[in-house]
Every structure is written in structure tokens, then in C-alpha cells.
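Colleague: Before we look at the details, I would like to go through this model with you, taking the sheets and helices in turn. Please give the reasoning with each answer.

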Amino acid sequence: MKVHEYQAKALLKEFGVAVPKGDVTGTPAGAREIATRLGVKVVVKAQVHAGGRGKAGGIKLADDPAGAEAAAQQILGMRLKTPQTPPEGILVRAVLVEEASAIDRELYLSMTLDRARSTHVVMASQAGGMEIEEVAAKTPEKIVRESTHPALGLGDYQARRLAFGLGLAGDQFKQGVALIRNLFRLYLAKDCSLAEINPLVVTKDGRVFALDAKLNFDDSALWRRPEIVELRDIHEEDPLDVEASKYSLNYIKLDGNVGCMVNGAGLAMATMDIIKLAGGEPANFLDVGGGASPEQIENAFRILSSDPSVKAVFINVFGGILRCDRLAEGVIAAVKTLGLRLPVVVRMEGTNVELGKKMLAESGLALTPAEDMGDGARRVVELAGRAR
């Protein structure tokens, strides 16, 4: 789960990480009021879940409250298009108005999970303001990495090593060490999957703070973070993703035309692979889970059917906890409720498979049975091709 910059900065401030003074608003008049209150030059920043806002016209400098109002007028309501947004862009509904900073240096700091080492890693670089992937590819020596201890976390000596790597000295070094440690506390306390400050700036008057901030949270831990769930902005998410989350379905939208409904993440990955092997392109990743109810199956089918890019559906299930007869019950109910406007190929194996196949055969529905995964993939790709 992602949050907006202003929400991330509020959390950073709560944990003692220095950020610029500012506030968020959804109106030009509100931007004027915030700028008046701050009493300095301000920056007006579009609040969307995407980077590259400056180049797209989503960040503007204002010398006075009237300029802040004019900048907000331009930004609010625009569809911001960056390399990280959908082609149609994202509608800007709010802006962050904060004090402008006299920047001396731009640095980079982030924390995430290093899956290869099975531990958290803190990364710092003097190449702030750039895409860290580009820095890692072209000049990896500019990135300082510290892997944390699974039980002890980030050591003081590691925070100091990172601050030295950022080129900080004197009072700025002390500020940097404190900021790194506080950010790591936030990262652990709120179950973040990513905490990124880019740029982390040193100002001409010697302050060190987060000029921009990005926090992502582990979806699997949200059940114990209701205060984070409250920050969710569904306007920034794909409507089908939002709908799937209501029914505890693991759904990810893709670019193909073959809809997939599968039980189990591993089988779902294998299903997408075999569709590509058959010459097709999966339209989604959809794992209904091992214990899906007929209601969940019906909702999963409805979500697939509502995607205009889907031209055929491949239901591929191994009956374990989710018995094949229960799957058949859910599919039949879904088709009878929603109608059958798309070709549907069904492959099932496992518990009660013969009963499940019998239920589908006697339903009178125009479903296409498959003998195995390969047969199902070939059939669904052919049907999707015919429907173009």
C-alpha cells in the first residue's frame, strides 16, 4: 500500500525525522491561506502516487500567497502524466504547500527488505535527486549499503557509517545520524516495505531534512495497522484492484487479454507462464485462495468479466482445500447471475474432481472443459484470438 507525500511526511515528523513546514489542501484558496501562514516562498506540489511530478508540471514555486493560489489553480484538477502513471494520467485532487528550501546538497536515503540476504538493508548515496536504479546501474560505487541485524536492527556504528558515506560532517553529521536512526524506527514500527527519502537535503543554513518522502507498507501487515489503512486513497488505485480487495482476492491487473482465475499463488504464476508459452498474454494475476467460498468465486468472475481487455477466461484449479465441486458451484452461480459474454475454459484436478466436472456438464452452460493445463492454455488463447 502506498500513501501520499504529505501523509508520509506526517509520519516522518511523528518519529522525529525533520521535514519542511507545510500543509495540504484541495483548493486554491486553501493554498493561499497556507502560504500566508508560512510567510515565506513556497513550493506547491501535486499529491499523486507517482514520481516525476516536476517534469510533468506538478510542482511549482511561488513567491507569495497569490502565486501559491495561482499555482494550485493550475495543478488541481489536472491529469498528471509521468512515466509512473497510466497513459491517461492521474487526476490531482490535493496539493502540498510547503516552505521553499535553499538547497546546498541533494542526497539519497532508503530502507527496504533485501530478499537475497533475508534482512533489511539501508542504502545511502551522495547522488540524490536521481533515480537510484540509474545510479546502481552506472555508478554502483556511489551507494553505501548496510544490512541490519535481524534481532538488533540498525547499529549506531552503521548509522554513523551511512552518515559518513553521505559526506556529512560536524553538526550535519549528528543530524544525519539521528535522522537515519529515526527513519529506521518508523520503517520497523509501521511495517514498511519501503522508506525512501529522495532527495534528503542539506540546506545552505546547515539543516538536514527530508525534502521528499515515499513510504510503502506491507499489505500482509495492514490488519495490525488500522491507522495506516485509514491513509489509503482508493482514487490512486485501479478500480478493479479496489474491488478485488473488498473480497480478499489477490488481484493484479496486467496488459493481456486472457483472464485468469486460479487458486494458489504458485499455480497462478505457472498459469500465466503457460498462457505465454501458448502464444497468449495474461490479463491479470488472480488468486482466489485455497479456501475460497462460492461467493468469492462469483465476485472473482465478475471482476474478470468487467475488464474490457479480457476476451476469454481460463479457470485453472487444483482441488485441495478448495474442492472442485465448490468451485463448480461458484462458477455456475456466477455465470447464471452475470451471464456468459466471454468464452470460459475450465481445467480442474484434485478433490471431488469428477463431481465438479459432472456439475459443470449438467449445468447447461457453454463452458469449455480442458484435459490439462497445456490443453486449457491452448484453448483459451485460441478463443481470445477469435474474440478480437
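Modeller: Two strands are taken to pair if DSSP finds at least two bridges between them. Please keep in mind throughout that this is a predicted model.

Colleague: With that criterion, which residue of β3 stands opposite Val43?

Modeller: The criterion asks for at least two bridges, and strand β2 (residues 42-46) is joined to β3 by 4 bridges in the antiparallel sense. Within this pairing, the residue of β3 opposite Val43 is Leu61.

Colleague: In what order do the strands of the open sheet follow one another?

Modeller: The edges are a good place to begin, since β1 (22-25) and β3 (59-62) each pair on one side only. Neighbouring strands are turned by 20° against each other on average, with direction ignored. The sheet has 4 strands in antiparallel pairing, and their order is β1-β6-β2-β3.

Colleague: Two helices lie across this sheet; at about what angle does α2 run to β1?

Modeller: Helix α1 (residues 5-14) lies across β1, β2 and β6 (95-99), where its direction makes an angle of about 50° with β6. Helix α2 likewise lies across β1, β2 and β6, and its angle to β1 is about 170°.

Colleague: Are α2 and α3 roughly parallel or roughly antiparallel to each other?

Modeller: Helix α2 (residues 28-38) packs on helix α3 (residues 65-75) with the axes 7 Å apart and at an angle of about 150°. Angles over 145 degrees count as roughly antiparallel. The two helices, α2 and α3, are therefore roughly antiparallel.

Colleague: How many nonpolar residues take part in the contact of α2 with α3?

Modeller: The crossing of the two helices, α2 and α3, is right-handed. From α2 the contact draws on Pro28, Ala29, Ala31, Arg32, Ala35 and Thr36, and from α3 on Pro65, Ala66, Ala68, Glu69, Ala72 and Gln73. By class these residues comprise 2 charged, 2 polar and, as the number you asked for, nonpolar residues to the count of 8.

Colleague: Turning to strand β10, how many of its 12 residues are buried?

Modeller: Strand β10 is joined to strand β7 (residues 103-114) by 8 antiparallel bridges, with Leu194 as the partner of Thr112. It is also joined to strand β12 (residues 214-217) by 4 antiparallel bridges, where Glu196 stands opposite Lys214. Strand β10 (residues 192-203) is mostly covered, and the number of its residues that are buried is 11.

Colleague: Which residue in the hairpin of β10 and β11 takes a positive phi?

Modeller: Strand β11 (residues 208-210) is joined to β10 by 3 antiparallel bridges, and Val201 stands opposite Phe209 there. The hairpin has 4 residues between its strands, and the residue that takes a positive phi, near 90°, is Gly206.

Colleague: What is the omega of the peptide bond from Asn198 to Pro199?

Modeller: Pro199 is found in strand β10. The peptide bond that leads to Pro199 from Asn198 is cis, and its omega is near 10°.

Colleague: Does Asp191, which has a positive phi although it is not a glycine, count as buried or exposed?

Modeller: Ser118 also has a positive phi, of about 60°, without being a glycine, and at 59% relative accessibility it counts as exposed. Asp191, with a phi of about 55°, lies in the loop between α6 (170-189) and β10. Its relative accessibility is 15%, so Asp191 counts as buried.

Methods
Residues are numbered from 1 along each chain as its sequence is written. This is a predicted model: local features need pLDDT of at least 70, side-chain atom pairs count only at pLDDT 80 or more; totals for chains, interfaces and linings use all residues. Side-chain values use heavy atoms; hydrogens and water are left out. Axes are lines fitted to C-alpha atoms, for helices over the stretch in contact, and angles run from 0 to 180 degrees between N-to-C directions. Angles under 35 degrees count as roughly parallel, over 145 as roughly antiparallel, 65 to 115 as roughly perpendicular and the rest as oblique. A crossing is left-handed if the near helix is turned anticlockwise from the far one by less than a right angle, and right-handed if clockwise. Contact means heavy atoms within 4.5 Å. Ala, Val, Leu, Ile, Met, Phe, Trp, Tyr, Cys and Pro count as nonpolar, Asp, Glu, Lys and Arg as charged, and the others, Gly among them, as polar. Buried means under 20% relative accessible area, exposed over 50%, partly exposed in between (1.4 Å probe, protein chains only).
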